Amino acid sequence: MDIVQIGADVLRNKSIEVPERLFGSQELFDVLEKMRKSLESQKDGVAIAAPQVGIPYRIFLVSPKSYRGNTKDVRLVFINPRIVKQSKKTELMDEGCLSVRWKYGQVTRSINTTVEAYDEYGKKFTRVGGGLLSQIFQHEIDHLDGVLFVDKAKNVGEYTPRE
Ligand SMILES: [Zn+2]
């Protein structure tokens, strides 16, 4: 599965909200399925945003593996997400992106982030994320606003992918 790479307009434009009429629709399920397959095709993928598969909607998907042992309230689909709370406390976190191969760097991220979003049926929920999940929330919502981690990262380097 191909992931859209840096340089493409879809990664730099602000994505649009998923309209209400699409909740619960096959069209939306097809988008989510495309995202899920693309994410699963990447060994190191922890999450993916719709623009990374060429779809300019405000959606991101989190891989179940990002929840590690934290199995309480596992949410994978985040539609029209909004950050409602963020810790002032930040940390410099190692980061990479499926759309910026094969770079890595360090980005200052809040250690806790609360997101309000909708599931695929239009049900609103709130999820608090700490650590990796907090980082994912911030990284993915940046994608929906046309921002890539390399715009903010320090100590950017490149690595050779392991086969
Ligand atoms: Zn990314």
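## Asking why: a predicted fold

Trainee: What makes the radius of gyration of this protein agree with a compact globule?

Mentor: Keep in mind that this is a predicted model. With 163 residues, a compact globule would have a radius of gyration near 15 Å, and the protein has 15 Å, so the two agree. The C-alpha atoms fill a box of roughly 45 × 35 × 30 Å along the principal axes.

Trainee: What does the secondary structure come to?

Mentor: Two helices and eight strands. Along the sequence the pattern reads α-β-β-β-β-β-β-β-α-β.

Trainee: How many of the contacts join residues 24 or more positions apart?

Mentor: Among contacts with a separation of 6 or more, 64% are between residues at least that far apart.

Trainee: Why is N80 called buried?

Mentor: Count the C-beta atoms around N80: there are 20 inside 10 Å. The cut-off for buried is 20 or more, so N80 counts as buried. Across the protein, 33% of the 163 residues get that label.

Trainee: And why is D73 called exposed?

Mentor: D73 has 10 such neighbours inside 10 Å, and exposed means 12 or fewer, so D73 counts as exposed. D73 is in the loop between β2 and β3, while N80 lies in strand β3.

Trainee: What makes the backbone at D73 and N80 worth a look?

Mentor: Phi of D73 is near 50°, a positive value in a residue other than glycine. Phi of N80 is near 50° too, and N80 is also not a glycine. Most residues other than glycine have a negative phi, and most peptide bonds are trans. On the second point, look at the bond joining R101 and W102: that one is cis, with omega about -5°. W102 sits in the loop between β4 and β5.

Trainee: Which residues touch the most other members of the largest nonpolar core?

Mentor: M35, I48, A50, I59, F60 and L61, out of 32 residues in that core. Two or more residues each come from α1, β1, β2, β3, β6 and α2. α2 gives the most, with five.

Trainee: What does A50 touch, leaving out residues up to four places away in sequence?

Mentor: S15, V31, M35, I55, Y57 and I59.

Trainee: How do you know that both faces of β2 are covered?

Mentor: In a regular strand the side chains alternate between the two faces of the sheet. Now check each side of β2: I59 and L61 are on one, F60 and V62 on the other, and all of them are buried.

Trainee: Why do you say β1 and β2 pair?

Mentor: Pairing takes at least two bridges, and β1 and β2 have three, so they pair, in the antiparallel sense. A47, for instance, has V62 of β2 as its bridge partner. β2 is also joined to β3 by three bridges, again antiparallel, with L61 partnered by V77 of β3.

Trainee: What makes β4 and β8 edge strands?

Mentor: Each pairs on one side only. They belong to an open, antiparallel sheet of three strands in the order β4-β5-β8. Neighbouring strands there are turned by 30° against each other on average, direction ignored.

Trainee: How do you know that β5 and β8 belong together?

Mentor: Three bridges join them, against a required two, so they count as paired, and they run antiparallel. One bridge puts Y104 opposite G157 in β8.

Trainee: Which helix lies across β4 and β5?

Mentor: α2, running at about 105° to β5.

Definitions and conventions: Residues numbered from 1 in each chain as written. Predicted model: local features only at pLDDT ≥ 70, side-chain atom pairs only at ≥ 80, totals over all residues. Helix = DSSP H or I, 4+ residues; strand = E, 2+ residues; numbered from the N terminus. Rg over C-alpha atoms; globule rule 2.2 N^0.38 Å. Contact = placed C-beta atoms within 7 Å. Core = buried A, V, L, I, M, F, W, Y, C linked by C-beta atoms within 7 Å. Axes fitted to C-alpha atoms, helices over the stretch in contact; angles between N-to-C directions.
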